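The following explanation leads through a model of protein chains and DNA strands. Please keep the sequence and the coordinates at hand while reading.

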Protein chains: 2
Amino acid sequence: MKTLRVPEATVTRLSIYSRFLERLDKNGVTTVSSGEIAEGVGVSPAQVRKDLAYFGEFGTRGVGYNVKDLLKYTLKILGLDQPWSLAIFGAGNLGFALCTYRGFNIRSFHIAGVFDNDPTRIGKKIGNLEVQPLDKFPEIVKSENIRIGVIAVPVSAAQEVADLMVKNGLEAILNFAPVALNVPDHIEIRNVDLSVKLEILTFNLGFRAAQNL
Amino acid sequence: MKTLRVPEATVTRLSIYSRFLERLDKNGVTTVSSGEIAEGVGVSPAQVRKDLAYFGEFGTRGVGYNVKDLLKYTLKILGLDQPWSLAIFGAGNLGFALCTYRGFNIRSFHIAGVFDNDPTRIGKKIGNLEVQPLDKFPEIVKSENIRIGVIAVPVSAAQEVADLMVKNGLEAILNFAPVALNVPDHIEIRNVDLSVKLEILTFNLGFRAAQNL
DNA sequence: ATATATTTGTTATTATTTTCACATTCAGAC
DNA sequence: GTCTGAATGTGAAAATAATAACAAATATAT
């Protein structure tokens, strides 16, 4: 094993492998090969092995991987062996959906606060959470030890929210607003654009089809 | 201009450029350079020009690009110069959010049907849409000329829904369930995983930090 | 008209990522 | 013990993508 820069694509796949391993484990499967993982998530077996090789040797030649062990390792690598508190900004339809989304509430994630500036939304219950006004943010960041913020507000408010997050010491931002945000270099930021892949589909149905590619 | 395989990353960025151009146009900007686009969406100017070069020559040397024209071209390339009807499966929180999501209702997209198998959801109104039972799907696919399906159901039901979509002649699927679906080769399918990027953030805050990378 | 400042389109270069191929290792059968 | 079949880990090769660099083209000022 060598330690070098890990491609982000590798981390992406690791997250997917780990979810697949969770399912295997739940189904009582104890051993799995790179080929079976590959088949299960839609990549090549060599890719699976190469990805894992960035982090160590987890398998047994001639046998494969122990599901429980590999799951534990992948979770550890992803940083999911510790709890993470999230703050979600925006209690509209998307924010609401994210608050109840399984992926944001399982594993080590925990939504510690939902914020909105709309008086008609403040105080509303989402599960056992209550929508908070923005001015409660600094206090809750501290009390809940929040390091990651999620932006689910309209484009027009996104930069302002990002600034607020940075000002209050958050270290990472997951941005669902389709706009490039300006944040300092030390802030980890990733964008999730819900419609980009939809437009990849229309591109493929249209343009590519026309060219017979 | 040469015609060769267009990288998917290029199509992804094109979608982002086009949204940025829409904003410029709305703000009355008439001309833009590759550098300004790059700055606005967070890539390099060379990347912008390279991406556009796959499809033609749209700019004027020494000047830049005409915003309205380039917007029109990018929309055309993405297949957004024609209307697209969508079917959304799953009227839970995520399905609900997608039904009201701007990106799925602007440009040339139009949600032509929402389906669920839960009797407590069927008949409910989402905007001016009404949640339909699954058995209405074949009829609505035809009457609304639906070619793209969106999966917003739990993992346990996702494959079944995908099969139903394929059986009814849909050509493309946008899948929000975190599982690899099995579909015939001629079906265009893309997955949107809402929590993968969240786990990239925790990876970067944890593992990478530990290694000082 | 000419010179100058810009900015594109494109080729060459560099970097990154994926695939391939195989030696190595292990478990189990005999 | 030894042999056989299976699956890993990895270095080399191939494919892909991003960056850099620059000639070509255009508008503007003089």
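The paragraphs below treat the conventions, the relation of the two chains, their interface, and then each DNA strand.

This is a predicted model, in which local features need pLDDT of at least 70 and side-chain atom pairs count only at pLDDT 80 or more, whereas totals for chains, interfaces and linings use all residues. Residues are numbered from 1 along each chain as its sequence is written, chains are lettered from A and ligands numbered from 1 in the order in which they are written, and side-chain values use heavy atoms, with hydrogens and water left out.

The relation between the protein chains comes first. Two copies of a chain are related by a rotation about an axis and a shift along it. Here, a turn of 180° with a shift of 0.0 Å along the axis lays chain A on chain B with an RMSD of 0.0 Å; the superposition is by least squares on the C-alpha atoms of residues with pLDDT of at least 70 in both copies. The two copies are therefore related as by a two-fold rotation axis. Within chain A, Ala97(A) has the C-alpha nearest this axis, at 3.2 Å.

The interface between the chains is considered next. Chain A and chain B each bring 61 residues to the contact, where contact means heavy atoms within 4.5 Å. Because 98% of the interface residues of chain A are also interface residues in chain B, the copies meet through the same surface. The area buried between the two chains is about 5,700 Å², and carbon and sulfur atoms give 68% of it; buried area is the accessible area (1.4 Å probe) that two parts lose on being put together, summed over both. On the side of chain A, Leu194(A), Glu199(A) and Leu205(A) lose the most area to chain B, together 12% of what that side buries.

Polar interactions also cross this interface. There are 16 residue pairs in polar contact between chain A and chain B, with both residues at pLDDT 80 or more. A polar contact is a pair of N or O atoms within 3.5 Å; within protein, one atom must be able to donate a hydrogen and the other to accept it, and residues adjacent in sequence count only if both atoms are side-chain atoms. The elements of chain A that each supply at least two residues to the side touching chain B include helix H1 (8-26), helix H5 (93-100) and helix H8 (196-211). Helices (H or I, at least four residues) and strands (E, at least two) are DSSP runs, numbered from the N terminus. Helix H8(A) gives the most to that side, with 13 residues. By class, that side has 36 nonpolar, 13 polar and 12 charged residues; Ala, Val, Leu, Ile, Met, Phe, Trp, Tyr, Cys and Pro count as nonpolar, Asp, Glu, Lys and Arg as charged, and the others, Gly among them, as polar.

Salt bridges are the next topic. A salt bridge is a side-chain nitrogen of Lys or Arg within 4 Å of a carboxyl oxygen of Asp or Glu. The structure holds 16 of them over all chains, and 2 are found across the interface of chain A and chain B. One salt bridge joins Asp193(A) to Arg19(B), with the closest N and O atoms 2.4 Å apart. Inside chain A, Asp25(A) pairs with Lys68(A) at 2.9 Å between the closest N and O atoms. This pair links distant parts of the chain, from helix H1 to helix H4 (residues 67-77), 43 residues apart.

The DNA strands complete the picture. DNA strand D is surrounded by 27 residues, the closest being Ser34(A), Arg49(A), Gly59(A), Arg61(A) and Tyr65(A); a residue is near a strand if one of its heavy atoms lies within 4 Å of it. Sugar or phosphate accounts for 69% of the atoms of DNA strand D within 4 Å of the protein, and bases for the rest. A backbone N or O atom of Gly59(A) lies 2.9 Å from a phosphate oxygen of this strand, while a side-chain N or O atom of Arg49(B) is 3.5 Å from a base nitrogen. Helix H3(B) gives the most to the surface near DNA strand D, with 4 residues.

Around DNA strand C there are 26 residues, of which Arg61(A), Ser34(B), Arg49(B), Gly59(B) and Gly62(B) come nearest. Base nitrogens of this strand lie 3.5 Å from a polar side-chain atom of Arg49(A) and 2.9 Å from a side-chain N or O atom of Arg49(B). A polar backbone atom of Phe58(B) is 3.1 Å from a phosphate oxygen of DNA strand C. Helix H3(A) gives the most to the surface near this strand, with 4 residues.
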